Amino acid sequence: MREIGHFIGGKEVKGTSGRTGDVFNPNTGEVQARVAFAKTSEVEHAVAVAEAAQPAWGAINPQRRARVMFKFLELIQAEYDDLARLLSSEHGKTFADSKGDIQRGLEVVEFACGIPNLMKGEYSEGAGPGIDLFSIRQPLGVVAGITPFNFPAMIPLWKAAPAIACGNAFILKPSERDPSVPMRIAELFLKAGLPAGVFNVVNGDKEAVDAILNDRRIQAVGFVGSSAIAEYIYAKGCAAGKRVQCFGGAKNHMIVMPDADMDQAVDALVGAGYGSAGERCMAVSVAVPVGQKTADALMKKLVPRVEGLKIGPSTDPNADYGPMVTRAHMNKVREYVDLGVKEGAKLVVDGRNFKLQGYENGNFMGGCLFDEVTPQMRIYKEEIFGPVLSVVRAKDYEEAVRLPSEHDYGNGVAIFTRDGDTARDFTSRVQVGMVGVNFAIPVPLSYYTFGGWKRSGFGDLNQHGPDSIRFYTKTKTVTARWPSGTKEGAEFVIPTMK
Ligand code: NAD
C-alpha cells in the first residue's frame, strides 16, 4: 500500500503519529493509499522549519521570488497531463475537469509572478517641511492554508502562490481525501528553486488543524471548506490573534427570466449543476425560473438533458462527470434526496439507484432533479454538494431577487436574461458576493478577488487578486525627516504638518 507522509524542510517525511486515513479510488471504491495524520508535535516541527527558512526568503528581492514562480509554472506545464490524471484518480473528476482545476490554480501563480509590481509601496515627497512619508509592505512570517477536497490543485495554489511570492513561509494542510497533488506541488516548488522549508505540507485531520490554530508562530490562516468548520476556524484563529480568512459552503441560484435564451440557460444549468458531480462551491444548485410559463418551458428542456447525462469513470473522455469523492459523501447526498421526497418536493429525475456496469463499487450517482422546491425545505436551505438540482418557481422578478438575497449562503448567483436593465438592477441589488450575467459559474479571474458573502465567507479580505497581497503582508508606514539644519526644539503637542 502506498504511504503518503508529510513534506517538511524540502523532503517527504514519514508520519510518526501512528494515525492514518484511507485515500480511495472513487472509480472502484478501493483504498489506494494511506495518508499520515500529523500529531501536534509534527505540526510544531514543520512550523519551526518554516520559521527558520522564512527570513532569508523574505529578504530576497521580489524579482527573484517571481523567477521561482515562473519556473514553477514551466514545471507544472511540463507534467500537466500526469498531474491531472493523479488528481482525477483521487478526486474522481474527469481528466478535462482536472486540467481546469490545475489551470485555475496556475492563473494565480501567473498573478503572483507580478509580485515586484504588486508589493510596491507608496511615497509622498514633501508631506511636511523636509518630511517624506512612505509605506512599505512586508511579509507576515509563517502563514498556513487549510484546504478542501474539491479543488486539490487550485485552492492550495490560490493560497500558497501569493503568500510565498510576498515572502512568507507556508504550511499547507490539504484535504486528507486527495493529498497527492499537494505533495507533488511541494516537490515542484522545490525543483523550481524555492528554498527548502518555505513550502511545507502537513497532512491530517482536526488534530493538525488545531495545532495550526494554537501555534503562536503562525501569523495568518486561510481556510476553504464547509461553513461549520469555516466558522470554527475563524473564531478560534481570531481569538488566537491571527489574521484569518475562511470561505465556506454555498447554495448558488440561477435566475431564468422569461426573456432568457432557454437553450443557453439549459446548457448552463446542466453544466453548472452537474459538472464535477456538483462538488463545486460555485455549482448551481437552485434554478429559479420566473413565472409559471418560464418554469414549464425550462422543465420541458431540462428534464431530458438531466436524464441523458453521461456518467462514467474519471478516465472516460466522454463522461459529463465522474464518481463522487467517497462512498460516505455519496450516501450523504442520497440521504438528502430521500429527505427532499419526504419534504414534498417533486423528484422529476431520480439518479439514486444509478449503477455503472463494471464499476459497481464506485461512487457513482445519477443526476437528480427536483421541481416545486420551497424555501422552507431543508434541501433548499442546506448545501447538498452533489448532482442534485432544485427548481424553485418564483412568481415574479422581485421574488427571484429575494431568494438568493435572503439565503444564508451568498457565494455565487447568476441571472439569465436578454434585458440589460434587469441584469443591471439584479447585479446591484442581490446580496451575494459573485454575480454572473448569462454566465453560470462566475469565478472571477485571478487579478480580481474571489469571495462569498454571509455564511459563505468569514473575514474581510477575499482570495487572490489585490486582496491576497493585503492579506499576506503587513503595511509599515514611515515618516522621515532629513533636514540637517532644522531645529524646532521639543514639541509637546501632537505633530501636525505646518
Ligand atoms: P470540510 O470542511 O470537510 O474540510 C475542509 C478542511 O477542513 C479539510 O482540510 C479538513 O481536513 C478540515 N476539517 C474537516 N473537519 C474538521 C474539523 N472538525 N476541525 C478542523 N478541521 C477540519 O470540506 P470538504 O468536504 O473538504 O470540502 C467541501 C466544502 O468546501 C463545501 O462546503 C464547499 O462548498 C466548500 N468550498 C468552498 C469554497 C469557497 O471558496 N467558498 C471553495 C471550495 C469548496
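In this predicted model, the cysteine sulfur closest to that of Cys113 belongs to Cys166, and the two are 13 Å apart, so the gap is too wide for a bond. A pair would have to lie within 2.5 Å to count as a disulfide. Across the whole structure, the search for such pairs returns zero disulfides. Cys113 has a relative accessibility of 8% and therefore counts as buried, the cut-off being under 20%. Cys368 is buried too, with a relative accessible area of 0%.

**The chain as a whole**

The protein chain contains 16 helices and 23 strands. Its radius of gyration is 25 Å, close to the 23 Å given by the globule rule for 498 residues, so the chain is as compact as a globular protein of that length. Measured out along the principal axes, the C-alpha trace spans about 85 × 60 × 40 Å. Buried residues make up 56% of the 498 in the chain. Taking contacts between residues at least 6 apart in sequence, 72% join residues that are at least 24 apart.

The exposed area of the chain is about 20,800 Å², and 52% of it is supplied by carbon and sulfur atoms. There are 57 positive and 57 negative side chains, and the centres of these two sets are 4 Å apart.

**Two residues with positive phi**

Most residues other than glycine have a negative phi. Glu372 has a positive phi, near 55°. Glu372 sits in the loop that runs between strand S16 (368–371) and helix H13 (378–381). Lys454 also has a positive phi, of about 55°, although it is not a glycine. The place of Lys454 is in strand S21.

**Ser405 and its contacts**

Lys454 reappears among the contacts of Ser405, which, leaving aside neighbours within four places in sequence, also include Arg429, Val430 and Gln431. Ser405 is part of helix H14, which covers residues 397–406.

The accessibilities of residues discussed here are set out below.

| Residue | Relative accessibility | Class |
|---|---|---|
| Cys113 | 8% | buried |
| Cys368 | 0% | buried |
| Ser405 | 16% | buried |
| Pro442 | 10% | buried |
| Glu372 | 41% | partly exposed |
| Lys454 | 31% | partly exposed |

**Two prolines in loops**

Pro442 lies in the loop between strand S20 (434–437) and strand S21 (453–454). With a relative accessible area of 10%, Pro442 falls under the 20% limit and is therefore buried. Not counting residues up to four places away in sequence, Pro442 touches Met282, Val413, Met434, Val435 and Gly436. Pro442 and Ala283 are 159 residues apart in sequence, while their C-alpha atoms are 10.0 Å apart in space.

Pro258 is placed in the loop between strand S13 (252–256) and helix H10 (262–274). With residues up to four places away in sequence set aside, Pro258 touches Val290 and Thr294. From Pro258 to Leu213 the separation is 45 residues in sequence and 49 Å in space, C-alpha to C-alpha.

Key. Residues numbered from 1 in each chain as written. Predicted model: local features only at pLDDT ≥ 70, side-chain atom pairs only at ≥ 80, totals over all residues. Heavy atoms only, no water. Helix = DSSP H or I, 4+ residues; strand = E, 2+ residues; numbered from the N terminus. Rg over C-alpha atoms; globule rule 2.2 N^0.38 Å. Buried < 20%, exposed > 50% of the residue type's maximum accessible area, 1.4 Å probe, protein only. Contact = heavy atoms within 4.5 Å. Areas by Shrake-Rupley, 256 points an atom, 1.4 Å probe, with all protein chains shown as cover. Lys, Arg positive; Asp, Glu negative; His and termini not counted. Charge placed at Lys NZ, Arg CZ, Asp CG, Glu CD.
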